[in-house]
2 protein chains.
Amino acid sequence: MKEFIYDNKIYYSPIEFAMAHIGGTWKIPILLCLRKGSTRYGDLKKAIPHISDKMLFTQLRELEDKEMLTRQSFLEKPPRVEYQLTEKAKKALPVIDQMNTYGIFLMKEMGVFTE
Amino acid sequence: MKEFIYDNKIYYSPIEFAMAHIGGTWKIPILLCLRKGSTRYGDLKKAIPHISDKMLFTQLRELEDKEMLTRQSFLEKPPRVEYQLTEKAKKALPVIDQMNTYGIFLMKEMGVFTE
DNA sequence: CGGTATCCTTCTTGATACTG
DNA sequence: CAGTATCAAGAAGGATACCG
């Protein structure tokens, strides 16, 4: 597999490319919350309590730039914004689920129990 | 899902835990090379030319600490060291393959072609 | 409500050089 | 051959405060 450039960044494998879309600490939790029904900024904050505003903000923008979600803003008072998964993001969900399954396997393997 | 602590580090989901094992830039490429038959430090260097010695060294140690590979050193001249995937790591391979498939899907979607 | 900006710290990665 | 050490640059992440 040859390396390639996308958006001024070099990638050496499809996996690196995939990781740019769903990797890092926050992207998967955000995508999972959106699947579970959260649509608004405040919903996401509640569902992921340990994320800072800055991280939620920057990660949402990155996901939007990568077309993993759409952002629709309504001109109301108080303001309302809705985030939705794109088809591209929905295709990632099975991968994420499998990763989750593997994580649970590892936790059992290492003797990590969660009550 | 409640957060949990393992090895003095806090995790908020099984996915984060899985990512600690196979995430980052280098762990997956290393695991894939070992699957493809590389067993020695030099083999890995050749198969992943853009990795620095420091990164290869530190990532191998981390993977060893996490029991994703075994390191067997032979007292010969010149020295010989062999790395092998553990069962735990082999269980990650389907996840990695699916991630690869998703990466290829994304590349096609974004119009990234590799000759 | 839903951001956005600034500053600062910490973690990750890279370059380089040296060793048993 | 297979590391190991040191230094530095850059990216990622957290704290805090303010805005439309």
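Reader: Which element gives the largest share of the surface near DNA strand C?

Author: That's H4(A), with 4 residues. Bear in mind that this is a predicted model.

Reader: Which residues come nearest to DNA strand C, and what makes a residue count as near?

Author: The test is a heavy atom within 4 Å of the strand. There are 17 residues around DNA strand C, and the nearest are Arg40(A), Phe57(A), Arg61(A), Arg71(A) and Lys54(B). Of the strand atoms that come within 4 Å of the protein, sugar and phosphate account for 59%.

Reader: How do you know that Arg40(A) makes a polar contact with DNA strand C?

Author: Set the distance against the cut-off. An N or O atom in the side chain of Arg40(A) is 2.5 Å from a phosphate oxygen of DNA strand C, and a polar contact needs a pair of N or O atoms within 3.5 Å. The Arg40(A) pair therefore qualifies. Arg71(A) passes too, with a side-chain N or O atom 2.6 Å from a phosphate oxygen of that strand.

Reader: What does the side chain of Lys54(B) meet on DNA strand C?

Author: A base oxygen, at 2.3 Å from an N or O atom of the Lys54(B) side chain. As for elements, those giving two or more residues to this surface are helix H3 (41-47), H4 and strand S4 (80-85) of chain A, together with H4 of chain B. By class, the surface near DNA strand C has 9 nonpolar, 2 polar and 6 charged residues.

Reader: Now for DNA strand D. Which residues are closest there?

Author: Lys54(A), Arg40(B), Phe57(B), Arg71(B) and Tyr83(B), out of 17 residues that surround DNA strand D. Sugar or phosphate makes up 56% of the strand D atoms within 4 Å of the protein, and bases make up the rest.

Reader: What makes Thr25(A) and Tyr83(B) polar contacts of DNA strand D?

Author: Distance again. Thr25(A) has a polar side-chain atom 3.0 Å from a phosphate oxygen of DNA strand D, and Tyr83(B) has one 2.6 Å from a phosphate oxygen of that strand. With the limit at 3.5 Å, these pairs therefore count. A base gets a partner as well: Lys54(A) brings a side-chain N or O atom to 2.4 Å from a base oxygen of DNA strand D. Two or more residues of this surface come from each of helix H4 (53-65) of chain A and helix H3 (41-47), helix H4 (53-65) and strand S4 (80-85) of chain B. H4(B) has the largest share, 4 residues.

Reader: On to the protein pair. How many residues make the contact between chain B and chain A?

Author: Chain B gives 43 residues and chain A gives 41. The buried area is about 3800 Å², with 80% of that from carbon and sulfur atoms. Ile15(B), Tyr102(B) and Met110(B) supply 17% of what chain B buries against chain A, more than any other three residues.

Reader: How many salt bridges and polar contacts cross that interface?

Author: The rule finds 0 salt bridges between chain B and chain A, while 2 residue pairs are in polar contact. On chain B, strand S1 (4-6) and helices H1 (14-22), H2 (27-35), H5 (87-90) and H6 (93-109) each give two or more residues to the side that touches chain A. H6(B) gives the most, 13 residues. That side of chain B divides into 26 nonpolar, 9 polar and 8 charged residues.

Reader: Why is the pair Glu62(A) and Lys27(A) called a salt bridge?

Author: The rule asks for a side-chain nitrogen of Lys or Arg within 4 Å of a carboxyl oxygen of Asp or Glu. Glu62(A) and Lys27(A) meet at 2.8 Å, N to O, so the name fits. Glu62(A) is in helix H4 of chain A and Lys27(A) in helix H2 (residues 27-35), so the pair ties together parts that are 35 residues apart in sequence. Over all chains the count comes to 16 salt bridges.

Reader: What pattern does chain A follow along the sequence?

Author: β-β-α-α-α-α-β-β-α-α, with 6 helices and 4 strands. An unreviewed UniProt entry places the feature "domain: HTH hxlR-type" at residues 13-111 of chain A. That stretch is 60% helix and 12% strand, and its end C-alpha atoms are 33 Å apart.

Definitions and conventions
Residues numbered from 1 in each chain as written. Chains lettered and ligands numbered in written order. Predicted model: local features only at pLDDT ≥ 70, side-chain atom pairs only at ≥ 80, totals over all residues. Heavy atoms only, no water. Contact = heavy atoms within 4.5 Å. Buried area = accessible area lost by both parts, 1.4 Å probe. Polar contact = N/O pair within 3.5 Å; in protein donor to acceptor, adjacent residues only side chain to side chain. Nonpolar A, V, L, I, M, F, W, Y, C, P; charged D, E, K, R; others polar. UniProt positions renumbered as here; feature names shortened; annotations may be inferred.
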